[in-house]
Amino acid sequence: MVATRNDSKEKSRLRVAADVWWVESQWIIIELVQRNLGWALVPEHIVVDALKEGSLVSPTLDFDKHSWPVAVELVWHKEKPLGKAGTWLQQAIIALDRQT
């Protein structure tokens, strides 16, 4: 999984398996998987070339029939209020959250 070098709450929140390799790049994850050091859940655009050339495979999972949501967080400096674009984005995220 991708994470920074420091220990943070994100590491425990994002953990998807009992044993996890922590790296700083999606590209390093691909290298590890290509060297048979486990499996990975990465965005499709990162692995599309490796899938085409056959250096990686993406199994069809019986239990995974739908798209999974990705966590999104909007962060801004508390001493600088959101501008028009930031306010629009905040409202759009809240509206999407209400739809689910």
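**Helix α2 and the core around it**

Okay, let's start from the outside: the accessible surface of the protein comes to about 9100 Å², and 57% of that belongs to carbon and sulfur atoms. Keep in mind that this is a predicted model.

As for the fold, we have four helices and zero strands, so to speak an α-α-α-α pattern when you read along the sequence. Of the 100 residues in the protein, 14% are buried.

Now, please look at helix α2, residues 26–34. Which residues are buried there? They're Ile-29, Ile-30, Leu-32 and Val-33. If you look down the axis of α2, those buried residues fall within an arc of 165°, so they line one face of the helix. And what sits over them? The cover includes α3, residues 44–53.

Let's check both ends of α2. At its start, a side-chain oxygen of Ser-25 comes to within 2.9 Å of the backbone nitrogen of Trp-27. Just after the helix, Asn-36 has a positive phi of about 65°.

On to the largest nonpolar core. It has nine residues: Val-23, Ile-29, Ile-30, Leu-32, Val-33, Ile-46, Val-47, Ala-50 and Leu-56. Two elements, α2 and α3, give two or more residues to this core, and α2 has the largest share, with four. As background, nonpolar side chains tend to be buried together in soluble globular proteins.

Let me finish with Ile-30, one of those core residues. Setting aside neighbours within four places in sequence, Ile-30 is in contact with Val-42, Ile-46, Val-47 and Leu-56.

Technical notes: Residues are numbered from 1 along each chain as its sequence is written. This is a predicted model: local features need pLDDT of at least 70, side-chain atom pairs count only at pLDDT 80 or more; totals for chains, interfaces and linings use all residues. Side-chain values use heavy atoms; hydrogens and water are left out. Buried means under 20% relative accessible area, exposed over 50%, partly exposed in between (1.4 Å probe, protein chains only). The arc is that of the directions from the helix axis to the C-beta atoms. Contact means heavy atoms within 4.5 Å. A polar contact is a pair of N or O atoms within 3.5 Å; within protein, one must be able to donate a hydrogen and the other to accept it, and residues adjacent in sequence count only if both atoms are side-chain atoms. A nonpolar core is a set of buried Ala, Val, Leu, Ile, Met, Phe, Trp, Tyr and Cys residues joined through side-chain atoms within 4.5 Å. Accessible areas come from the Shrake-Rupley method with a 1.4 Å probe; for residues, only the protein chains shown count as cover.
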